[in-house]
Amino acid sequence: MFSDAGHNWKLYRQEDSIGSFPGNTNADSVVQYKLQQPAIARFLRLIPLGWNPSGRIGLRLEAYGCPYTSDVVSLDGGGGLRYQFSPRRTSRDVVSLKFKTLRNSGMLLHAEGEEGLSLSLELERGRVQLLLRRGWPSSSGSRCLASLGSLLDDQHWHHVSVERRGSRLNLTVDRHIERVQIPAEFSRWDIEQLSLGTVQNLDSQKPVMSKNNFHGCLENLLYNNVNLIELVKNKDQQVTVTGDVTFSCSQPVSVAVTFPGPQSFLQLPKPAVSHPRDVSVGFQFRTWNKAGLLLTFALPQEGGAAWLYLSEARLRLQIHKSGRALLELSAGSALNDGQWHSVELNSRQGRLSISLDDGRGSAQASPSFPVGIADQLFFGGCPAEECRNRFNEFQGCMRLLTLDNQNVDLILVQQKQLGVFSNLQIDMCGIIDRCSPSRCEHGGRCTQSWTVFHCNCSDTGYSGATCHSPVFESSCEAYKHYGNTSGHFYIDVDGSGPIKPQLVYCNMTEENTWMVIPHNNTELTRLRPSPGGTKHSVHLNYSAEDEQLLATISQSDYCEQELAYHCRKSRLLNTPEGSPFSWWLGGPGTGGVQTYWGGAQPGSQQCACGLRGDCVDPQHYCNCDADRLEWAEDSGLLIHKESLPVRSLVLGDIQRPGSEAAYRVGSLRCHGDKNFWNAAFFDKETSYLHFPTFHGELSADISFLFKTTASSGVFLENLGIKDFIRIEMSSSSRVLFSFDVGNGPLEVGVESSVPLNDNRWHRVRAERNVKEALLRLDELPAATQEAPADGHFHLQLNSQLFIGGTASRQKGFRGCIRSLQLNGATLDLEERARITPGVRPGCPGHCSSYGSFCRNRGRCVERANGFRCDCSLSAYAGVFCHTEVSASFGPETSVSYAFKEPSELIQNGSAVPSSIHSDVTLRGENVSLSFRTSQSPALLFYVSSYQREYLALLINKHDKLEVRYRLDGSRDAQVLRSSGRSLSDGHLHHVSIRRLLDSVSVQVDENAREDFNLTSDGEFNAIKSLVLGKVQEADLDPDLTRLASLGFSGCLSVVRFNAISPLKAALLHPDSSPVVITGPLRRSGCGSSASANPYAAENTPHLSDQSGSVGSGQPLVNAIRTDSALIGGVIAVVIFVIVAGLVITARILYRRKETYRNQEVKGVKPEDGPDCPFNNQGDSSPNASGENTKEYFI
């Protein structure tokens, strides 16, 4: 401990923990210890932590230091100093000083300059605040620029400096620095006057008397290296002294006592001269805890006691007798703020009161029983043999204890001449602020108790003990490869770095995964002629911040942004030799001027047609530059990342009569993630990559993916003199994270239930901060290890960082490491691997890990960076072959898939693997489909043959499923009836049929599978076509002809016949598939959660999707951004509501009519005759008509 006055000691701390050092172990050896931080003091106190177990106790101590100059001035709150300077222009000002005080508020320094601009350095609630003011300091126009420090009213010296460089300002309090940007007017601001301890107006010679004037001592006050206190001593004319100012620091002695924790208490006898029914106790306390016992004493009556304590940060007083509370008072709130609070407990003449902070909070009562002190008072706690403490023990500091208005001399207590104590630290206050500076990162909110701090990470996008680790992935590519589909996601491009997460749209419907970042004007916007006007400027505001945009563009493999201009008598760029009429700004910051258009090259001053050579006028390089009366268009993609995103447009040729134009700037779209796929392959245990030293002193997070066939190996290692950090696979099922920050090695391990050397990707995330170490492996529960309460926590490394091996070249890693990030920064493994022997860039073979994402018979296909799902053999679509392909059928709808004839097969010589040729004899089928209908009977599915054989799937009049096979053209069809009922109930049903030779199995929904046997030979010969919906073939069996003519009304989904998906071919590939569609076929959902195309409405529209009038060629403008846009929008909404109401009304009337007609039809259901096995009514039920009804809702 150290002190400059022989009292009010302060513990020497290193890294916010109690500093300790080893002593000598014998009489001859010398142990030298260098303090990490200097201590300026006149007195030292050593506290032995252990004794030599052998020999006698002895100590020889030598202290080494440096000369120290001290110029001190003492202010009593009524005086101050004022320095006036002659005007001079400076670009840099530095003011530094040291201060100490017992009060938590006061004006340290006030700098005043021109035009009423001033900066103030004030002490407020024990923190230094830097305030900017316009006008007189008492005015309300003040703004807090920075706030640093805490608990600065501890009567110890604290260093403060303020440095101004132009409009940038650095505030330093002790060892902590905060950098702020001040308004531009301060860049040319000169200090004309400095006031110390108080505020004086430039036009007044008297200080402003305020309770916020400074009480305490100032030392070594320097302004631009000029010692201002020395000027005062020399009576310089620039200095004015007001009030009582002395050049020494004689502060009142305030002895505090610290209650550090368990078994801490102070026992004092009651005053020798006191009335048995009177009580007068006073003290001050400070703490971070919400609860704790402050004072207790027994009452003169037997069995009674008074308890003064904190509960929920409020002061409470209870009087107990015989285990029952007779009285309770409470006062104050939020008393765990670390500030000094004064408490007075008085009982006089039958009136009991508690007062808090000089009457700011109080409570009183008139008990019917006397309240006095029996014999002893206990502060902070009490020994178990004396009392039963019903409350938490107090952890905090107390001072200024009084009994019967007499001060308690705590030095006598320390010397054991007064009272009894246990586990106390006397003549010091050991409170520390663990939230200043806050260890909570990314805006996490810090709260604390006496011993620990906590971080509230809600709404930050980060997690962990210090809000360090990112919650969100770094790209859309990463989300896709964790099994997600299209949607809005938060993206954190730099992981645990300083860039905040941003909300983007991830479009995963294409082979590339697109990240879409919109701005405030993505629609086609028309410009009206403005005669006499100047250029039209358009500024774009993106949904992401600038640093987020630039990081996203840099990280992506490819980015694009559509830029389009529609014109009629409105020129765009002119000629390459002339000045452009229009231009755009793009790139970092406000953007650089770009004079080329979408689809052209930077600097070319051309449009896409000029690059292709097909402009409407060969003399110009843009269609619009032809200056014609017809509508023309210049559009294309901007793909040069250095010029993205587009920040603004300047459009010039719109002022002439007859000029019309419209523009569109699309959303920023990027795909690929250079960091996510950055990988290296280590083929030897002795191979490794090395990088510069990893700097993660207080917080370090490391994440990567690996795959291997080896049973062990070191992934990463970095060494210091004593400290180190290492992550390794210690066995085939265990990953180990170990490190040492000076407290001895610590290990955190995660055990996997499955082998890790399975040549599949596994994810490792490790984090180490001042509170804990954490390790995550894949999706297993995280393993944690708390950091020691008192000890070192700075990780100090100095060697190179080794990846895939160690400095000793032992226990190296064999396999692949990918996407290695340290504190949010990705290490470029591929670049380093290209120049390192034994290491290869990249790592193929992703389907072993991600192939399971391809569902419903989708096939995983390897890519250089990642994989894709080939859905050609699946009846499903989508990025993971998970999207149902469904369509609504009407009575006249027919989808016919034609198989190849033998002659066609001979001519082509080959066919795609999924085709079924008509000369192939099928010995089995695998059929599946889903349907929803209210029609019965109904033909769902029909496969014909050139040899009058067929397969038919239908719902009979009893709402049961029938499968009809005729595998011999000379025999009747065999009917297989399923026992399931109510299949025309308007709900979604799934049917699966499998045949192998003469064995057939049928399953409906989740019902039990039903097995059947055919009597035919089991071969389906020369198949011709597959029909969904209405069957129009002429050679149908008589009993199917009537049913086929009715068609099918309802919804079909995921239809599959062996490897053929006819419905998918009709909806997605109608031009390239042997499909014939007649009647209306609408893609729609069948009622399942993943039906239809869930992304059809989510894809970002391109200009190519917009269509205009055929006659005029005028573009369709989705949003007219003119002054009348608001009025037009209101009118459009009104028209839309009226039209929607008319459409809905018409549909309701139509549905009622259909319901009546269909009910009438279904109500007349004659029995089947021998020649007509099916009902001859062809209309469906009302629910079936509702299938198409949903298509009309708006």
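Let's start with a term: a residue is buried when its relative accessible area is under 20%, exposed when over 50%, and partly exposed in between. Keep in mind that you are working with a predicted model.

**Exercise 1.** Decide whether Asp153 and its salt-bridge partner Arg286 are buried or exposed.

*Solution.*
1. The side chains of Arg286 and Asp153 meet in a salt bridge, with 3.2 Å from N to O.
2. Arg286 belongs to strand 22, while Asp153 sits in the loop between strand 11 and strand 12, 133 residues apart.
3. Asp153 has 3% relative accessibility, so Asp153 counts as buried.
4. Arg286 has a relative accessible area of 2%, so Arg286 is buried too.

**Exercise 2.** Now classify Glu1019 and Arg923 in the same way.

*Solution.*
1. Glu1019 forms a salt bridge with Arg923, and their closest N and O atoms are 2.8 Å apart.
2. Both residues lie in loops, Glu1019 between strand 76 and strand 77, and Arg923 between helix 8 and strand 69, so the pair ties together parts 96 residues apart in sequence.
3. Glu1019 has a relative accessible area of 22%, so Glu1019 is partly exposed.
4. Arg923, at 49% relative accessibility, also counts as partly exposed.

**Exercise 3.** Find which strands stand at the edges of the open six-stranded sheet.

*Solution.*
1. Write down the strand order: 52-61-54-55-56-57, with antiparallel pairing.
2. Strand 52 (689–691) and strand 57 (746–751) each have a single partner strand, so these two stand at the edges.
3. Look at one end: strand 57 pairs with strand 56 over six bridges, and Glu751 in strand 57 is the bridge partner of Arg734.

Key: Residues are numbered from 1 along each chain as its sequence is written. This is a predicted model: local features need pLDDT of at least 70, side-chain atom pairs count only at pLDDT 80 or more; totals for chains, interfaces and linings use all residues. Side-chain values use heavy atoms; hydrogens and water are left out. Two strands pair if DSSP finds at least two bridges between them. Helices (H or I, at least four residues) and strands (E, at least two) are DSSP runs, numbered from the N terminus. A salt bridge is a side-chain nitrogen of Lys or Arg within 4 Å of a carboxyl oxygen of Asp or Glu. Buried means under 20% relative accessible area, exposed over 50%, partly exposed in between (1.4 Å probe, protein chains only).
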